[in-house]
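This report walks through a single protein chain from its overall make-up to a few individual residues. Please keep the sequence and the model in view while reading.

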Amino acid sequence: NRRIVFHFIPTYSSWLNLVEVLFSLVQTKVIRRGNFPSKEDLITKLLAYIRRFNDEKRPFHWTKAAADIVRSYTSRTRH
């Protein structure tokens with residue numbers, strides 16, 4: 001009985017990978033245009049953001065239905 005199932009996604013669809021989504025949020029909300037006088041300050045701000053993010057417990061909501069995503073992918077792979 002397999003407990004892990006790998007789903008390979010196209011390289012151009014990083015938005016399907018939730019780790020990539022989190023990295024994008026960290027880049028946008030913390031790092032971009034940030035002022036970090038020290039590495040410790042950067043670490044403190046990153047950890048504070050992640051703590052707030054986890055405390056909010058808001059799930060990601062996809063803006064497209066799964067069927068639309070699959071249809072879009074399959075139409076690209078046929079060409």
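Helix 3 covers residues 66-77, and the loop between helix 2 and helix 3 is the place of Lys57. The model is a predicted one, and the description below should be read with that in mind.

**Overall make-up**

The protein contains three helices and zero strands, so that, read from the N terminus on, the order of its elements is α-α-α. Of the 79 residues in the protein, 10% are buried. When contacts between residues at least 6 apart in sequence are considered, 43% of them join residues at least 24 apart.

**Helix 1 and helix 2**

Helix 1 runs over residues 18-31, and helix 2 over residues 39-56. The table sets out the length of each helix beside the span expected at 1.5 Å a residue.

| Helix | Residues | Expected span | Distance between end C-alpha atoms |
|---|---|---|---|
| Helix 1 | 14 residues | 20 Å | 18 Å |
| Helix 2 | 18 residues | 26 Å | 26 Å |

For helix 1, the 18 Å between the end C-alpha atoms agrees with the 20 Å that its 14 residues should span, and for helix 2 the 26 Å reached from the first C-alpha to the last is close to the expected value.

Which residues of helix 1 are buried? They are Val21, Val26 and Val30. Viewed down the axis of helix 1, the buried residues lie within an arc of 140°, and they therefore line one face of the helix. What these buried residues of helix 1 pack against is helix 2.

The axes of the two helices, helix 1 and helix 2, come within 11 Å of each other and cross at roughly 120°. Because an angle of that size falls outside the range of 65 to 115 degrees for roughly perpendicular and is not over 145, as roughly antiparallel would require, helix 1 and helix 2 are oblique to each other. The crossing in which helix 1 passes helix 2 is right-handed. On the side of helix 1 the contact is made by Leu22, Leu25, Val26, Lys29, Val30 and Ile31, while helix 2 contributes Lys45, Leu46, Tyr49 and Phe53. Val26 and Val30 thus appear both among the buried residues of helix 1 and among the residues that make the contact.

**Asp41, a buried residue in helix 2**

Is Asp41, which is placed in helix 2, buried or exposed? Asp41 has a relative accessible area of 19%, and because buried means under 20%, Asp41 counts as buried. Leaving aside residues up to four places away in sequence, Asp41 touches Asn35 and Phe36.

**Two residues with positive phi**

Most residues other than glycine have a negative phi. Against that background, two residues deserve a look.

Arg33, although not a glycine, has a positive phi of about 60°, and this residue comes just after helix 1, in the loop between helix 1 and helix 2. Its relative accessible area is 81%, and because exposed means over 50%, Arg33 is exposed.

Lys57, likewise a residue other than glycine, has a positive phi near 50°. Lys57 follows helix 2 and sits in the loop between helix 2 and helix 3. At 68% relative accessibility, Lys57 also counts as exposed.

Definitions and conventions: Residues numbered from 1 in each chain as written. Predicted model: local features only at pLDDT ≥ 70, side-chain atom pairs only at ≥ 80, totals over all residues. Heavy atoms only, no water. Helix = DSSP H or I, 4+ residues; strand = E, 2+ residues; numbered from the N terminus. Buried < 20%, exposed > 50% of the residue type's maximum accessible area, 1.4 Å probe, protein only. Expected span 1.5 Å × (residues − 1). Arc of directions from axis to C-beta. Contact = heavy atoms within 4.5 Å. Axes fitted to C-alpha atoms, helices over the stretch in contact; angles between N-to-C directions. Parallel < 35°, antiparallel > 145°, perpendicular 65-115°, else oblique. Left-handed = near helix turned anticlockwise from the far one by under 90°.
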